Amino acid sequence: MKRVFLIIGAPGSGKTTYAEIIAKKHSDKIVHYSTGELLRKEVEKGTPLGAIIASYIDEGKLVPLEIVMDTIINAIKNSDKDIILIDGFPRSVEQMKAFDEILKKNPDIKLEAVIEVVVSEETAKERVLGRGRGADDKEEVFENRMKVYLDPLPEIEKFYEQKGLLIKVDGEKSIEEVVKEIEKIIFSKIKEQ
Ligand code: AMP
């Protein structure tokens with residue numbers, strides 16, 4: 001049984017950092033995939049698919065549904081560990097619904113929780129502009145990415161809240177504190193069975 005934890009949060013919320021730290025610490029049983037990183041890896045390969053992906057990332061736009069779903073499904077199916085953290089997914093209502101269909105068809109994949117890392121827009125902006133990772137960390141692109149993140153959020157929250165899967169954590173705290181909180185959530189869910 002593959003047990004999936006989704007970690008969502010604004011650009012700059014630190015979602016990838018937290019998940020990375022946790023997966024490294026428990027590398028015997030936990031694996032982590034960042035949707036953004038998986039997509040950027042395809043760009044680095046210089047494939048035609050990578051060029052399509054880059055044209056969306058550079059403008060802070062969402063990569064098309066089919067590409068994202070393939071990326072996520074492959075990551076889950078090919079992972080050699082049963083506990084899987086995925087950050088940056090879902091980022092739209094259509095991705096959320098498509099993933100729900102996948103879960104319905106695959107009883108060997110279980111969604112354990114959707115962890116939302118909450119930060120203020122100011123904190124998000126400060127962190128993103130400070131890191132300057134690439135073309136998408138510029139101010140205008142940041143504004144667009146923030147909008148793209150916030151628009152579908154209420155519907156995504158409602159959907160997972162109704163399923164009893166949504167857990168919010170305060171991303172304004174120190175990295176150590178946020179990591180500890182997310183770890184606690186993961187291990188309490190794992191112990192349930
Ligand atoms: P991130 O590393 O999470 O900040 O993501 C960087 C960029 O990758 C985003 O601005 C999108 O262009 C793309 N991306 C990441 N996750 C997704 C997703 N779930 N759906 C569509 N595009 C995504």
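In this predicted model, the ligand is surrounded by 17 residues, of which Lys61, Gly88, Arg91, Gln95 and Arg145 come nearest. By class, this shell comprises 6 nonpolar, 4 polar and 7 charged residues. Among the elements of secondary structure, H2 gives the most to the shell, with 4 residues.

Several polar atoms of the protein lie at short range from polar atoms of the ligand. At Lys61, a polar backbone atom is 2.6 Å from an oxygen atom of the ligand. The backbone is again involved at Val63, where an N or O atom lies 3.0 Å from a nitrogen atom of the ligand. At Arg145, by contrast, the atom in question belongs to the side chain: a polar side-chain atom of this residue is found 2.8 Å from an oxygen atom of the ligand. Taken alone, the ligand exposes 480 Å², and 98% of that area is buried by the protein.

The site of the ligand was then considered as a space within the protein. Rolling a probe the size of a water molecule over the atoms shows where empty space is left. The ligand sits in the largest pocket, and the volume of this pocket is about 660 Å³. Its lining consists of 36 residues, and those closest to the centre of the pocket are Lys15, Arg91, Arg131, Arg133 and Arg145. Arg91 and Arg145 thus appear both among the residues that come nearest to the ligand and among those closest to the pocket centre.

The lining of the largest pocket divides into 12 nonpolar, 12 polar and 12 charged residues. At least two lining residues are supplied by each of helix H1 (15-25), helix H2 (35-44), helix H3 (48-57), helix H6 (121-131) and helix H7 (139-150). H2 gives the most to this lining, with 5 residues.

The second largest pocket holds about 170 Å³ of space. It is lined by Leu38, Leu39, Lys41, Glu42, Lys45, Leu49, Ile53, Ile67, Asp70, Thr71 and Asn74. By class, these residues divide into 5 nonpolar, 2 polar and 4 charged. H2, H3 and helix H4 (65-78) each supply at least two of them. H2 and H3 therefore contribute at least two residues to the lining of the largest pocket and also to that of the second largest pocket.

A further feature concerns the backbone. Most residues other than glycine have a negative phi, and most peptide bonds are trans. The peptide bond from Phe89 to Pro90 is cis, with omega near -5°. Pro90 is located in the loop between strand S3 (83-87) and helix H5 (93-105).

Note on methods:
Residues are numbered from 1 along each chain as its sequence is written. This is a predicted model: local features need pLDDT of at least 70, side-chain atom pairs count only at pLDDT 80 or more; totals for chains, interfaces and linings use all residues. Side-chain values use heavy atoms; hydrogens and water are left out. On a 1 Å grid over the protein atoms alone, a cavity is a set of points where a 1.4 Å probe fits but cannot get out, and a pocket is an open set with protein on both sides within 12 Å along at least five of seven lines; lining residues have an atom within 4 Å of a point. Grid points are joined across faces, edges and corners, and a volume is the space filled by probe spheres set on the points. Ala, Val, Leu, Ile, Met, Phe, Trp, Tyr, Cys and Pro count as nonpolar, Asp, Glu, Lys and Arg as charged, and the others, Gly among them, as polar. A residue is near a molecule or strand if one of its heavy atoms lies within 4 Å of it. A polar contact is a pair of N or O atoms within 3.5 Å; within protein, one must be able to donate a hydrogen and the other to accept it, and residues adjacent in sequence count only if both atoms are side-chain atoms. Accessible areas come from the Shrake-Rupley method with a 1.4 Å probe; for residues, only the protein chains shown count as cover. A molecule sits in a cavity or pocket if more than half of its atoms lie within 2 Å of its grid points.
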